[in-house]
Amino acid sequence: MKDMLKIGIIGAGNMAEAIMKGLIQAGMASPENIICSDLSEARRHYIQQNLGVTTTSVNKDVIIPSQIIFLAVKPNVVGKVLDENKDVFTSEKMIISIAAGITLDFIEKHLSGEIPVVRVMPNTPALVLEGASALAGGKYATDKDLEVALELMGSTGKAIVLDEKLLDAVTGLSGSGPAYVLEFIDALASGGVLKGLNKQTALLLAAQTVLGTAKLYLETQEHPAVLRDRVTSPGGTTIAGLAALEAGGFRTSVIEAVSKATDRSRELSGN
Ligand SMILES: NC(=O)c1ccc[n+]([C@@H]2O[C@H](COP(=O)([O-])OP(=O)(O)OC[C@H]3O[C@@H](n4cnc5c(N)ncnc54)[C@H](OP(=O)(O)O)[C@@H]3O)[C@@H](O)[C@H]2O)c1
C-alpha cells in the first residue's frame, strides 16, 4: 500500500495529525506520499516541521494528486469544502470523512458522480495511536474501499466496520467514552487521596489500572465478568468495593451516559 497510495488530508487539526502520525508510524504511507491543507499558516508550519509532509493552503492541490482524501475539517465546513472542489473529486478517488454527525448522504449530495465515501467516527486516543474507530461505507464504496479505509484507520488504533445507523451509538460509547473514562480515573484517584495517597501517585495508579485492565481484556478476550470474579474473593476487599459501586448505581449511570450521548448525537446530526 505504501508505494501505491497518495493520501491527501483537508484540515490539519488534531485528528488529522493523529491520522498522519499513525499512517507514517505503521509504514502505510511515507511523508512524501501525504499532502495536507490548512487555513492556518502556523498549523501548516507545525505539521511540516513535525511530520515532514507537504502542506498547502489550497485544497485542490491536496485533492488532485491524491487517491484517498481525508476530510478532517470541522463538521460545519464540510459542505463548503465539497462545493468548492466538486470539479476535482472524481470517481477514482475515495473520500474518508471524520466529521462528526455529517452523514454519507449529505456528503454524496455535495458531490457529482459515483465517488466512494467512507464515514468514520474516531476518538481522541487516536492521538496516542490507541484510538477506536467505526467506519461505514457510502453508496459507491466497495468492499475493497472499506478494506483500505479499515487498514488506514487501523494505524491509529482499533477500527471496525458498522452500519451507518449505528454511528450515533458509537459516538455515545467510544466517541464520548474517553471523557467518561477520564472521569472514572479522576474519581478512582480521589478515592486514593481520601485514604492518604498524594494526587500524583493516585492518578498514576488509577490510569495504569485502567490501561492494564483494558489490555487484559483485549488480550485474553475473556468476559469482563469472568476476569472480575477471578479477583473477587469471598469476604474480601474487592467485593466490598464492588458493593459500594452497586449501591451508587455505577452500572446504571454508565449505561445512561452512553444512552444520553447517543440521543444527543442523533439530535445534532438530525437523524
Ligand atoms: N477531536 C475529536 O475528539 C474528534 C472525535 C471524532 C471526530 N472528530 C472530527 O474530526 C474533525 C476534525 O476535528 P479536530 O478536533 O481535528 O478539529 P480542528 O483541530 O479544529 O481541525 C480542523 C482544521 O481544519 C482547518 N480548516 C478550517 N476550514 C478549512 C478549509 N476550508 N480548508 C482546509 N482546512 C480548514 C482549521 O483551521 P482553522 O483553525 O484556521 O479554522 C483546523 O486547523 C471534525 O470534523 C470533528 O468532528 C473529532
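These legends go with close-up views of a predicted model and the ligand it holds.

**View 1. The second largest pocket of the model has a volume of about 690 Å³.** Its lining is made up of 29 residues, and the closest to the pocket centre are Met 15, Ala 72, Val 73, Lys 74 and Pro 75. Two helices, α1 (14-25) and α4 (78-84), are the elements that each give two or more residues to this lining.

**View 2. Here is the lining of the second largest pocket, sorted by residue class.** How many of these residues are nonpolar, polar and charged? The lining has 17 nonpolar, eight polar and four charged residues.

**View 3. The ligand takes up the space of the second largest pocket.** Which residues are the closest to the ligand? Met 15, Asp 38, Val 73, Ala 100 and Thr 124 are, out of the 22 residues that surround the ligand. Met 15 and Val 73 may look familiar, since both also belong to the residues closest to the pocket centre. Sorted by class, the shell around the ligand holds 14 nonpolar residues, together with six polar and two charged ones.

**View 4. Zoom in on the ligand to find its polar partners Met 15, Asp 38 and Asn 59.** With Met 15, look at the backbone: one of its polar atoms is 2.9 Å from an oxygen atom of the ligand. With Asp 38, look at the side chain instead, where a polar atom lies 2.6 Å from a ligand oxygen. Asn 59 also uses a polar side-chain atom, placed 3.1 Å from a nitrogen atom of the ligand. Taken alone, the ligand would expose 890 Å², and the protein buries 77% of that area.

How values were computed:
Residues numbered from 1 in each chain as written. Predicted model: local features only at pLDDT ≥ 70, side-chain atom pairs only at ≥ 80, totals over all residues. Heavy atoms only, no water. 1 Å grid on protein atoms, 1.4 Å probe; cavity = no way out; pocket = protein on both sides within 12 Å on 5 of 7 lines; lining within 4 Å. Points joined across faces, edges and corners; volume = space filled by probe spheres on them. Helix = DSSP H or I, 4+ residues; strand = E, 2+ residues; numbered from the N terminus. Nonpolar A, V, L, I, M, F, W, Y, C, P; charged D, E, K, R; others polar. Near = heavy atom within 4 Å. Polar contact = N/O pair within 3.5 Å; in protein donor to acceptor, adjacent residues only side chain to side chain. Areas by Shrake-Rupley, 256 points an atom, 1.4 Å probe, with all protein chains shown as cover. Sits in = over half its atoms within 2 Å of the grid points.
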